[in-house]
Each structure stands twice: as structure tokens, then as C-alpha cells.
Amino acid sequence: MTYPSKQKLVVIGPLPPPFAGTSVSFALFCEYLTLNPDKYHLEVINSAPKELGRRSLFNVDNLFTASRILGQLLFKASKADKVLLFGNDQFLISIMPVCLCIAKVMRKPFHVRVFGGSLDAYYLGLSPALRRYFHWVIGHTDGLIFQTRALRHFFYKHFGEKIHYVPGYRLMQKGCDSVPSRRGDSTNMKFVYVGHIREEKGIFVLLESFRLLAAEKAAAVECDLFGPVYPEIKERFEKELANCPGVNYRGVLQPEDVVATIRRYDAFVFPSFYRGEGHPGVLIEAMMSGLPIVTTKHKAIPELISHRVNGLLVPPRNPSALAVAIRLLIDDSELLAKLAEQSYKMSSQYSSREVIPIILSSIGFDVNERAIQA
């Protein structure tokens with residue numbers, strides 16, 4: 001058996017480190033293609049920043065990164081069939097247009113996978129001139145792939161069939177073939193949070209909710225926190241954590257350790273109100289781990305978590321509502337078991353092995369077995 005010529009793809013996106021939802025997703029995409037060398041030839045251009053939390057577009061590090069990306073694209077695009085860029089809203093308005101021009105000069109189809117769920121708000125905040133510029137840029141791409149239904153619906157009316165929806169994804173790891181047995185009982189439950197330790201992810205809302213639960217003194221409830229602490233909130237976080245009984249900071253997990261770690265807990269809590277929230281990868285990993293999830297009715301999170309189906313949804317920035325939802329899981333073991341079971345069942349549709357071929361198909365690649373007789 002032999003294969004026709006390989007499908008050649010240049011991808012631009014952020015590889016870890018630093019570890020974040022976007023970099024983990026991009027690394028999984030690259031790994032999938034690398035593990036299929038008979039079908040695909042992959043060239044990767046790493047667009048990752050040196051550190052998390054850089055807000056300004058115009059600084060020396062970003063300018064250096066931009067020049068490196070464009071230089072590599074000039075060299076690599078000529079040998080590719082297509083170019084696929086993974087980027088957020090700021091990337092689309094800054095570096096992406098130049099990448100697009102390079103691809104078009106070389107007559108290479110150019111597609112974009114949009115990270116996060118805030119491009120609609122970003123678009124509405126543009127001046128009329130920048131909005132026309134945005135339309136011109138997007139109009140010259142060969143397609144945009146959004147990870148939320150909400151963004152696909154918003155931009156479809158502007159760009160039609162050029163817009164695609166493909167959900168977020170994570171790797172379904174070995175050992176996740178069932179819902180884990182309960183670790184404890186209703187009087188001694190352990191919750192877990194995995195994500196960036198920053199205000200917009202609801203970390204101080206979480207701490208306040210557990211202070212409210214501790215004041216009730218009705219059950220022993222604990223919560224372990226994992227993730228990088230953002231420098232701007234480090235002092236406040238440490239101070240509030242010291243005054244929050246039962247909540248402990250456990251450091252940073254490597255991506256390959258997330259699922260194995262959180263499977264040891266009873267439930268996952270994620271009170272985010274982050275403006276760029278799309279399909280948070282940690283929620284998909286919690287689903288794959290068979291955990292019930294307490295999270296917020298915010299942005300596209302309800303596309304993953306349905307209230308009283310595979311989790312509980314609460315209003316953002318509301319410690320009292322979060323505490324009530326956590327208390328409900330403590331008090332209702334039947335509901336907890338039902339949510340855990342449904343969470344696991346619903347996770348298969350977000351497996352990287354299922355989703356990445358859809359991304360490849362949406363840019364025009366053949367994802368079927370392509371072997372032919374010699």
C-alpha cells in the first residue's frame with residue numbers, strides 16, 4: 001500500500017510554555033498531525049509570548065516575535081498546500097493581516113482558527129474605520145473556524161459560508177474509561193479548581209464562597225487550587241487564601257497530569273467571568289474525568305455545561321450563589337452521581353481525535369484513509 005503525496009500544512013500558533021488553554025490546544029493539534037506522517041507534512045511556527053499576561057501589543061518582545069513569525073512564514077509557505085493560523089482577537093487585527101498577505105502573494109489558501117469567545121465584543125468595540133479594515137481582512141481569508149456556536153452565529157451574518165464552528169477539544173487520556181468511584185462521603189467532600197489564578201477566573205469569588213461554607217460549620221468541605229498565579233494579584237491571593245479554611249494552593253500541573261489529578265476529587269469548580277472565555281479546556285478535562293462541574297452562566301460555558309444535566313450553573317461574580325450550588329452537591333448525593341455520569345458521557349464529543357479531523361476537513365484536507373493500491 002502506498003499513499004498519494006502528503007498534504008502539506010504550515011500552522012502558526014502558540015506552543016507551550018507558557019502553559020495555557022490555547023497553547024495546550026495548539027500542541028494537541030500539532031501532535032495529531034505529527035502522529036500521522038504518512039498523510040500530513042507539518043511545519044510549525046511558534047507564536048507564543050515569553051510570559052503570561054502581556055497586555056500591550058506594542059513592546060519589544062512582541063515586535064521581535066512578529067518579525068520571527070513573518071520571516072519563517074516567508075520561508076515555509078512556499079512549500080505548503082495551505083496555511084492555518086491559530087490566534088486570538090488581538091492577533092487577528094495585528095500580525096494576521098501581514099501573514100495573510102504573504103500567503104496570498106504565494107497563492108496559498110489561508111484559514112484561521114479563532115481562540116476564545118470574545119471576538120464579537122472586540123469587533124463591536126472597533127471604530128468604524130477599523131471595522132471596515134476587519135471586514136476587508138476577513139473577507140480575503142479562505143475561512144474562519146470558531147470554537148463557540150455563539151461566535152459562529154454572530155459572524156455568519158457578515159461572512160456567510162466562510163464561517164465554521166468546531167468545538168474545543170482535549171485528549172481523552174488512558175484510564176478515563178469510566179466515572180471514578182466517589183473518594184469520600186457527603187460530610188467530607190473535596191472540590192478542585194484548575195486554571196489561571198487571576199481575578200477574572202473568579203478566584204476571589206471562589207475563596208469567598210468557601211469562607212461562607214466554612215461559617216456554616218455543617219460539613220467538612222475542601223478545595224485544592226492548581227495553576228499559575230498572576231503577579232498582579234499574588235499578594236492579595238496569598239492574604240485571602242490564608243484566611244480561607246479548607247482551601248489550599250497546590251502549585252502548577254503539567255498538562256499531562258491534569259486528568260489523573262482531578263479524577264481524585266469529588267467535583268470541579270470554575271467560577272470564571274473572564275471576557276475571552278470560549279470552551280475552557282479544563283472544563284472538557286473535568287468532563288472527561290467524570291466530575292460534576294459547578295461553573296458560571298457566562299459567555300460560551302453553557303455550550304459545554306447544562307444546568308442540572310452535567311453540572312450546575314450560577315451567575316458570575318456571586319459568591320453566595322456559588323456556595324449554594326456547592327452545598328447542593330454536598331447535600332444531594334443522587335444529583336452528584338447523575339451529574340458525574342452525564343458529564344463523562346457528554347465528553348466524548350470533545351475528544352481531540354474526533355474534533356481535529358473536523359478542523360482539517362473544514363480547511364479542505366482529506367481526512368479519510370487515503371491508501372491506494374501500489
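Helix H11, residues 281-288, is a mostly covered stretch of this predicted model, with eight of its eight residues buried. Going along the helix, that takes in Gly281, Val282, Leu283, Ile284, Glu285, Ala286, Met287 and Met288, a charged Glu285 among them. The cover over these buried residues comes from several directions in the sequence: it includes strand E7 (188-194), helix H10 (258-262) and strand E10 (267-270), and also strand E11 (293-296), helix H12 (301-304) and helix H14 (333-346). After H11 comes Gly290, where phi turns up positive, near 75°.

Strand E7 also holds a residue of note for the interior, Phe191. Together with Phe210, Leu225 and Phe268, Phe191 has the most contacts inside the largest nonpolar core, a set of 61 residues. With neighbours within four places in sequence left out, Phe191 touches Phe210, Val221, Glu222, Cys223 and Asp224, as well as Tyr265, Ala267, Val269, Ile326, Leu329 and Ile330. Apart from this core lies another one, made of 37 residues, with Ile12, Leu70, Ile102 and Leu151 among them. As a rule, nonpolar side chains in soluble globular proteins tend to be buried together.

Zooming out, the protein chain carries 15 helices and 12 strands. Its radius of gyration comes to 22 Å, close to the 21 Å given by the globule rule for 374 residues, so the chain is as compact as a globular protein of that length. The C-alpha trace spans about 65 × 55 × 35 Å along its principal axes. Buried residues account for 53% of the 374 in the chain. Of the contacts with a separation of 6 or more, 75% link residues 24 or more positions apart.

One of the second core's members, Ile102, also turns up in the surroundings of Leu74. Leu74 sits in helix H2 (residues 60-76), and, sequence neighbours within four places aside, it is in contact with Ile102 and Met106. Leu74 is partly exposed, because its relative accessible area of 49% falls between the 20% and 50% cut-offs. From Leu74 to Met189 the sequence runs 115 residues, and the two C-alpha atoms are 55 Å apart in space.

Then there is the second largest pocket, with about 230 Å³ of space in it. Its lining counts 13 residues, and Val24, Leu28, Leu171, Pro255 and Glu256 are the ones that lie nearest its centre. Helix H1 (residues 21-34) supplies the largest share of that lining, at four residues. Sorted by class, the lining is made up of eight nonpolar, one polar and four charged residues.

A few backbone details round things off. The peptide bond from Pro16 to Pro17 is cis, with omega near 0°, and Pro17 belongs to the loop between strand E1 (7-13) and H1. Two arginines have a positive phi although neither is a glycine: about 65° for Arg308 and about 60° for Arg317. Arg308 is placed in the loop between H12 and strand E12 (311-314), while Arg317 is in the loop between E12 and helix H13 (319-331). As for accessibility, Arg308 counts as partly exposed at 39%, whereas Arg317, with a relative accessible area of 59%, is exposed, since that value is over 50%.

Conventions:
Residues are numbered from 1 along each chain as its sequence is written. This is a predicted model: local features need pLDDT of at least 70, side-chain atom pairs count only at pLDDT 80 or more; totals for chains, interfaces and linings use all residues. Side-chain values use heavy atoms; hydrogens and water are left out. Buried means under 20% relative accessible area, exposed over 50%, partly exposed in between (1.4 Å probe, protein chains only). Helices (H or I, at least four residues) and strands (E, at least two) are DSSP runs, numbered from the N terminus. Contact means heavy atoms within 4.5 Å. On a 1 Å grid over the protein atoms alone, a cavity is a set of points where a 1.4 Å probe fits but cannot get out, and a pocket is an open set with protein on both sides within 12 Å along at least five of seven lines; lining residues have an atom within 4 Å of a point. Grid points are joined across faces, edges and corners, and a volume is the space filled by probe spheres set on the points. A nonpolar core is a set of buried Ala, Val, Leu, Ile, Met, Phe, Trp, Tyr and Cys residues joined through side-chain atoms within 4.5 Å. The radius of gyration is taken over C-alpha atoms; the globule rule is 2.2 Å times the number of residues to the power 0.38.
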